[in-house]
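The exercises below are meant to be worked through with the sequence and the structure in view. Each one sets a task and is followed by a solution that goes step by step.

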Amino acid sequence: MKKPKVAFICVHNSCRSQIAEALGKHLRGNEFAFYSAGTETKPQINQDAVRLMKELYGIDMEKKQYSKLISSIPEPDISISMGCDVGCPFIGRVFDDNWKLEDPTGKTDDDFRVVIQQIEKNILELKKKSNQLVVLDAQLLVWLARLEAYLNNFLFDYRNKVNHLILNHRILIK
């Protein structure tokens, strides 16, 4: 079975989204394919994030990850914004979720740890949320099918009334 593709998006793809990609692969990589990207890039991943991820989880983010643009990753099934405190990236579609995480760049290790812990919690809850998105998608499809049926009935009735008026108008003119 194909794993759903999850993309973590922020402006620079150098800190929060990189942490999320690394933790996603580490914690849920057997269920999802994780990516990160930004609308801009930085020459390297935030070094405090690299150091703390290695210290806390034994993950060396610099081994396989680098700052990349949205156009460099596959089309995601689920797009998650890290937060808009730096700026809200435009990705050509609506985000499926916004984690509203503060950018810890330039802050203390404790600030980084808070963000990392929140990312871990969100990733562990991702399966539940992705199931909710599937349910919402199914509900949306049902709603759209009902709307289509309603509109078709409305148009059918409207056409019949217009045809009836035209026919009556012709009779009245003669």
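**Exercise 1. The second largest pocket**

Which helices each supply at least two residues of the lining of the second largest pocket? Describe the lining as well, by residue and by class.

*Solution.* Keep in mind throughout that this is a predicted model. Begin with the residues themselves: the second largest pocket is lined by Ala22, Lys25, His26, Ile59, Asp60, Met61, Lys63, Lys64 and Gln65. Next, place them on the helices, where helix H1 (16-28) and helix H3 (61-64) turn out to supply at least two lining residues each. Then sort the lining by class, which gives three nonpolar, two polar and four charged residues. Finally, the space that lies in this pocket comes to about 200 Å³.

**Exercise 2. A lining residue and its surroundings**

Take Gln65, one of the residues that line the second largest pocket, and decide whether Gln65 is buried or exposed. Then find what its side chain meets.

*Solution.* First locate the residue, which has its place in the loop between H3 and strand S3 (78-81). The relative accessibility of Gln65 is 9%, and because buried means under 20%, Gln65 counts as buried. Now look at its contacts: once neighbours within four places in sequence are left aside, Gln65 touches Gln18, Glu21, Ala22 and Ile45. Two of these partners can be described further. The side chains of Gln65 and Gln18 are joined by a polar contact of 2.6 Å, while a polar atom of the Gln65 side chain lies 3.4 Å from the backbone nitrogen of Ala22.

**Exercise 3. Salt bridges**

How many salt bridges does the structure hold? For the pairs Glu31 and Arg28, Asp60 and Lys54, and Lys107 and Glu102, compare the accessibility of the two partners.

*Solution.* The total is ten salt bridges. In the pair of Glu31 and Arg28, the side chains meet at 2.7 Å, N to O. Glu31, at 27% relative accessibility, counts as partly exposed, whereas Arg28, at 8%, counts as buried.

In the pair of Asp60 and Lys54, the closest N and O atoms are 3.9 Å apart, and a salt bridge needs these atoms within 4 Å, so the pair is still counted. Asp60 is partly exposed at 28%, and Lys54 is partly exposed with a relative accessible area of 43%.

In the pair of Lys107 and Glu102, the closest N and O atoms are 2.9 Å apart. Lys107 is partly exposed at 35% relative accessibility, while Glu102 has a relative accessible area of 52% and is exposed, because the cut-off for that word is over 50%. Elsewhere, salt bridges with shared partners link Glu21, Lys25 and Lys68 in one network.

**Exercise 4. Helix H2 from start to end**

Which residues of helix H2 are buried, and what does their cover include? Add what is found at the start of H2 and after it.

*Solution.* Within helix H2 (residues 47-57), the residues Ala49, Val50, Leu52 and Met53 are buried. The cover over the buried residues of H2 includes H1, H3 and helix H4 (109-124). At the start of H2, Asn46 has a side-chain oxygen that comes within 2.8 Å of the backbone nitrogen of Asp48. After H2 comes Gly58, with a positive phi near 70°.

**Exercise 5. Two residues with positive phi**

Are Asn13 and Lys100, both with positive phi, buried or exposed? Say also where each of them lies.

*Solution.* A general point explains the interest of the task: most residues other than glycine have a negative phi. Asn13, which is not a glycine, has a positive phi of about 50°, and Asn13 lies in the loop between strand S1 (5-10) and H1. With a relative accessible area of 0%, Asn13 is buried. Lys100, also a residue other than glycine, has a positive phi near 50° and is found in the loop between strand S4 (97-98) and H4. With a relative accessible area of 66%, Lys100 is exposed.

Technical notes: Residues numbered from 1 in each chain as written. Predicted model: local features only at pLDDT ≥ 70, side-chain atom pairs only at ≥ 80, totals over all residues. Heavy atoms only, no water. Helix = DSSP H or I, 4+ residues; strand = E, 2+ residues; numbered from the N terminus. Buried < 20%, exposed > 50% of the residue type's maximum accessible area, 1.4 Å probe, protein only. 1 Å grid on protein atoms, 1.4 Å probe; cavity = no way out; pocket = protein on both sides within 12 Å on 5 of 7 lines; lining within 4 Å. Points joined across faces, edges and corners; volume = space filled by probe spheres on them. Nonpolar A, V, L, I, M, F, W, Y, C, P; charged D, E, K, R; others polar. Contact = heavy atoms within 4.5 Å. Polar contact = N/O pair within 3.5 Å; in protein donor to acceptor, adjacent residues only side chain to side chain.
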